[in-house]
Amino acid sequence: MATITLPKKRKNIDLPIDTLQKLSIMAASQGKSLKAFIEGLLISKAETLKIEISNPSPSSDEYFTDSDNLAEIEKRVKAYKESKDEDKITLRSAEEITNFINNL
């Protein structure tokens, strides 16, 4: 039997005391620790969500609405992760960056 381990990320959250008290009571009634109970709630809620991102840019840059542009970015990210140097460009100054952007 093969097992899959998903990566986890630790995140501190701040909750009001009365909320923590209520969650603690609910956790105890199910025989779970508060941490395990809250994690279970969040995981089950996240699994019910369907999220579609039409524009991944936080500033809603129109560049990212073009599927060709997104495909090119995905291709470059994949190549970078695979350590292929064929698309590698090194820019060392503001002038080089400006020239590179202007020539796109």
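Me: Why is S57 called buried or exposed in this predicted model?

Reply: The relative accessible area of S57 is 10%. Buried means under 20%, exposed over 50% and partly exposed in between, with a 1.4 Å probe and protein chains only; S57 is therefore buried. S57 lies in the loop between α2 and α3 (67-81); helices are DSSP runs of H or I, at least four residues, numbered from the N terminus. The model is predicted, local features need pLDDT of at least 70, side-chain atom pairs count only at pLDDT 80 or more, and totals for chains, interfaces and linings use all residues. Residues are numbered from 1 along each chain as its sequence is written, and side-chain values use heavy atoms, with hydrogens and water left out.

Me: What makes α1 and α2 roughly perpendicular?

Reply: The axes of α1 (residues 17-29) and α2 (residues 34-48) cross at roughly 95° and come within 9 Å. Axes are lines fitted to C-alpha atoms over the stretch in contact, with angles from 0 to 180 degrees between N-to-C directions. Angles of 65 to 115 degrees count as roughly perpendicular, under 35 as roughly parallel, over 145 as roughly antiparallel and the rest as oblique; α1 and α2 are therefore roughly perpendicular.

Me: Why is the pair of Y63 and F64 called edge-to-face?

Reply: The ring centres of Y63 and F64 are 5.3 Å apart, with 85° between the planes. Rings of Phe, Tyr and Trp (its six-membered ring) pair if their centres lie within 6.5 Å; planes over 60 degrees apart count as edge-to-face, under 30 as stacked and the rest as tilted. The pair of Y63 and F64 is therefore edge-to-face.

Me: How do you know that Y63 counts as partly exposed?

Reply: Y63 has 40% relative accessibility, and therefore counts as partly exposed. F64, at 22%, also counts as partly exposed.

How values were computed:
Helices (H or I, at least four residues) and strands (E, at least two) are DSSP runs, numbered from the N terminus.
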